[in-house]
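Biologist: I have a chain here and would like to go through it by question and answer. Please show it first.

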Amino acid sequence: MKTANDWIKKLNLLPHPEGGYYKEVYRSEEEVIGEFLPGDRSGVRSVSTAIYFLLEGTDFSAFHRIKSDEIWHFYAGGSLLIYAIDEKGLLTEYHLNSEIPMQIIPKNNWFAAELMDKNTFALVGCTVAPGFDFEDFEMGKQKNLIEKFPQHTALIKQLSK
């Protein structure tokens, strides 16, 4: 059985700004340009991107949001709990594991993830279309999130930096 460190080495994963480890493994050569991008985006985006993402122990993916739906795929390890807060403040909890191997996080939701069992790790994949670009990424600021969603203060404090 592989450990978190085995996967980190095998897949050449690097520390991720929101927590955990990652590596981009796919970026479509096809692109979506300017006026054809959905929402308020400009510039050019790949049609799709995919990464490996790994959390271990007490690591967590801090609250953030992106302008595209994100599809999470489970590969190995323990169960993840993904929390998503929509623009109206509704909290949804998604489980990701060998029994529920795929979840879709809607665009513009604030979301974070943690392991259900802090004595394990989870290796997952994340697919984004149009492809991920840091221009479409926003890291949550704890103070601002608490002001906007005071009903989720404890969770925001737990899963933000």
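Biologist: Which residues does Leu 91 touch, not counting residues up to four places away in sequence?

Modeller: This is a predicted model, where local features need pLDDT of at least 70 and side-chain atom pairs count only at pLDDT 80 or more, while totals for chains, interfaces and linings use all residues. Residues are numbered from 1 along each chain as its sequence is written, and side-chain values use heavy atoms, with hydrogens and water left out. A contact means heavy atoms within 4.5 Å. By that rule, Leu 91 touches Tyr 83, Ala 84, Ile 85, His 152 and Leu 155.

Biologist: Is Leu 91 buried, partly exposed or exposed?

Modeller: Leu 91 is found in strand S9, residues 91-96; strands (E, at least two residues) and helices (H or I, at least four) are DSSP runs, numbered from the N terminus. Buried means under 20% relative accessible area and exposed over 50%, with partly exposed in between (1.4 Å probe, protein chains only). Because its relative accessibility is 27%, Leu 91 counts as partly exposed.

Biologist: In what order do the five strands of the open sheet lie?

Modeller: Two strands pair if DSSP finds at least two bridges between them. The edge strands are S9 and S13 (137-139), each of which pairs on one side only. The pairing in this sheet is antiparallel, and the order is S9-S8-S11-S6-S13.

Biologist: Which residue in S11 stands opposite Phe 60?

Modeller: Strand S6 covers residues 60-66, and three bridges join S6 to S11. These two strands run antiparallel. The residue in S11 opposite Phe 60 is Glu 114.

Biologist: With which residue does the side chain of Lys 118 meet in a salt bridge?

Modeller: A salt bridge is a side-chain nitrogen of Lys or Arg within 4 Å of a carboxyl oxygen of Asp or Glu. Lys 118 is partly exposed, with a relative accessible area of 35%, whereas its partner is buried at 10%. The N to O distance is 2.9 Å, and the partner is Glu 114.

Biologist: How many residues apart in sequence are the parts that Arg 45 and Glu 135 tie together?

Modeller: Arg 45 forms a salt bridge with Glu 135, the closest N and O atoms being 4.0 Å apart. Arg 45 is buried, with a relative accessible area of 4%, while Glu 135 is exposed, with 60%. Arg 45 lies in strand S4 (residues 44-46) and Glu 135 in the loop between S12 and S13, so the parts tied together are separated in sequence by 90 residues.

Biologist: Which residues do salt bridges that share partners join into one network?

Modeller: By the salt-bridge rule, the count comes to eight. Some of these pairs have a partner in common, and they join into one network Arg 41, Arg 45, Glu 135 and Asp 136.

Biologist: Which residue forms a salt bridge with Arg 27?

Modeller: Arg 27 is partly exposed, with a relative accessible area of 37%. Its partner is partly exposed as well, at 34%. The closest N and O atoms are 2.8 Å apart, and the partner is Glu 24.

Biologist: Which residue in S5 stands opposite Glu 24?

Modeller: Six bridges join S2 to strand S5 (residues 49-56), and the two run antiparallel. Opposite Glu 24 in S5 stands Ile 51.

Biologist: Which residue takes a positive phi in the hairpin of S1 and S2?

Modeller: Strand S1 (residues 14-15) is joined by two bridges to strand S2 (residues 21-27), and they run antiparallel. In S2, the bridge partner of Leu 14 is Tyr 22. Five residues lie between the strands of this hairpin, and the one with a positive phi near 120 degrees is Gly 19.

Biologist: Which residues touch the most other members of the largest nonpolar core?

Modeller: A nonpolar core is a set of buried Ala, Val, Leu, Ile, Met, Phe, Trp, Tyr and Cys residues joined through side-chain atoms within 4.5 Å. The largest one has 17 residues. Those touching the most other members are Phe 53, Trp 72, Leu 80, Ile 82, Leu 96, Ile 105 and Val 124.

Biologist: How many residues has the other core?

Modeller: Among the members of this other core are Ala 112, Leu 145, Phe 149 and Leu 159. It lies apart from the largest core, and its residues number 14.
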